[in-house]
Amino acid sequence: MILRYFNLDKMRSKLLITLMMLMVIGSFRAHAQQEYMITQYMYNGLALPPAYAGIHDGISVGALWREQWTAIDGAPNTQLLSIHSPLNYRYASLGAVLYRDVVGVKTEYTGYFSYAYRIQVSEKSKLSMGLQMNLHNFSNDISRLENQRGLAQQTNTLDPLYQEFAADNLGFKWNFGAGLMLHSDRYYLGISVPQLLNRKYFENLPDDVESSRLVRHLFISGGYVFNTNSNIVLKPNVLFKAVQNAPVEFDINMNALFSKVLWLGVSLRSELSQ
């Protein structure tokens, strides 16, 4: 029904949307949560759907630093930097997300490079379609592994799987992602799959070892802006995360902007089942 509002050729627009929907939804099959998890995603929109690139009229830059379970050695921590902008302030946009994620002995450096294109679907709403190329670099600091006596482990030359863990889980892995986002000045609704290909961590393991692969994650996010009679703006947000062999997780957030100066908010995350 909304195709009648398109400024572009109808057949070309229909084909483009159909292809994007097939890539985002039809390819979904995942195994265990691998993607980094952030709470303040509403302030770093490009960290989820690549279609978010260039949503503002100018250059946008965001940064994030996250520490989890800080009292535990090897606890997860994540640093993220994002930048995106329209090209010559038109419908096409480019963006990039660079992040570092550390969990235990594993360190991952990743770059998400996004391209988005927007189509006017009504007087106030636009549909953004985004593609991204991902570059992952993994490394394992095996010197941090400890034995029962608390001493650092050395590489076990007699264990081929341990050697593979130390050597083959290094270097760059590439992947592709896709996403869609319907948005206006008042709301947004996005869906994305950041890893479309089930690529291997360990190149030499058999194909049926699924736990050694990059797997697909499905993210669905949305938000709305309410202007109250007072000088307060309310912005609720919700995020659903789905991956096979893990429970569907959701975040609910309520943020309030006071006098266009101060943001305050609360968040609720669903409890993970065992």
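**View 1. Phe-240 and its surroundings in the predicted model**. In this predicted model, Phe-240 is partly exposed, its relative accessible area being 38%. Its partner Phe-250 also falls in the partly exposed class, with a relative accessible area of 29%.

**View 2. The aromatic pairs, beginning with Trp-174 and Phe-176**. Five aromatic pairs are found when the whole structure is searched. In one of them, the ring centres of Trp-174 and Phe-176 lie 5.6 Å apart with 70° between the planes, and because planes over 60 degrees apart count as edge-to-face, the pair is placed in that class. Trp-174 is partly exposed at a relative accessibility of 41%, and Phe-176, a residue of strand E6, is partly exposed at 39%.

**View 3. The tilted pair of Phe-240 and Phe-250**. The rings of Phe-240 and Phe-250 form a tilted aromatic pair, with 6.1 Å from centre to centre and 40° between the planes. Since Phe-240 belongs to strand E10 (residues 232-242) and Phe-250 to strand E11 (residues 249-258), the pair ties together parts that are ten residues apart in sequence.

**View 4. A nonpolar patch on the surface**. Ile-59, Val-61, Leu-81, Ile-83, Leu-98, Phe-113, Met-133, Leu-135, Phe-172, Trp-174, Phe-176 and Leu-197 make up a nonpolar surface patch, and together they have about 1,100 Å² of accessible area. Two or more residues of the patch come from each of strand E2 (77-86), strand E5 (126-140) and strand E6 (171-183). The most is given by E6, which supplies three residues.

Methods. Residues numbered from 1 in each chain as written. Predicted model: local features only at pLDDT ≥ 70, side-chain atom pairs only at ≥ 80, totals over all residues. Heavy atoms only, no water. Patch = residues over 30% accessible without salt bridge, like charges linked within 9 Å, V, L, I, M, F, W, Y side chains within 5 Å. Areas by Shrake-Rupley, 256 points an atom, 1.4 Å probe, with all protein chains shown as cover. Salt bridge = Lys/Arg side-chain N within 4 Å of Asp/Glu carboxyl O. Helix = DSSP H or I, 4+ residues; strand = E, 2+ residues; numbered from the N terminus. Phe/Tyr/Trp six-rings, centres within 6.5 Å; stacked < 30°, edge-to-face > 60°. Buried < 20%, exposed > 50% of the residue type's maximum accessible area, 1.4 Å probe, protein only.
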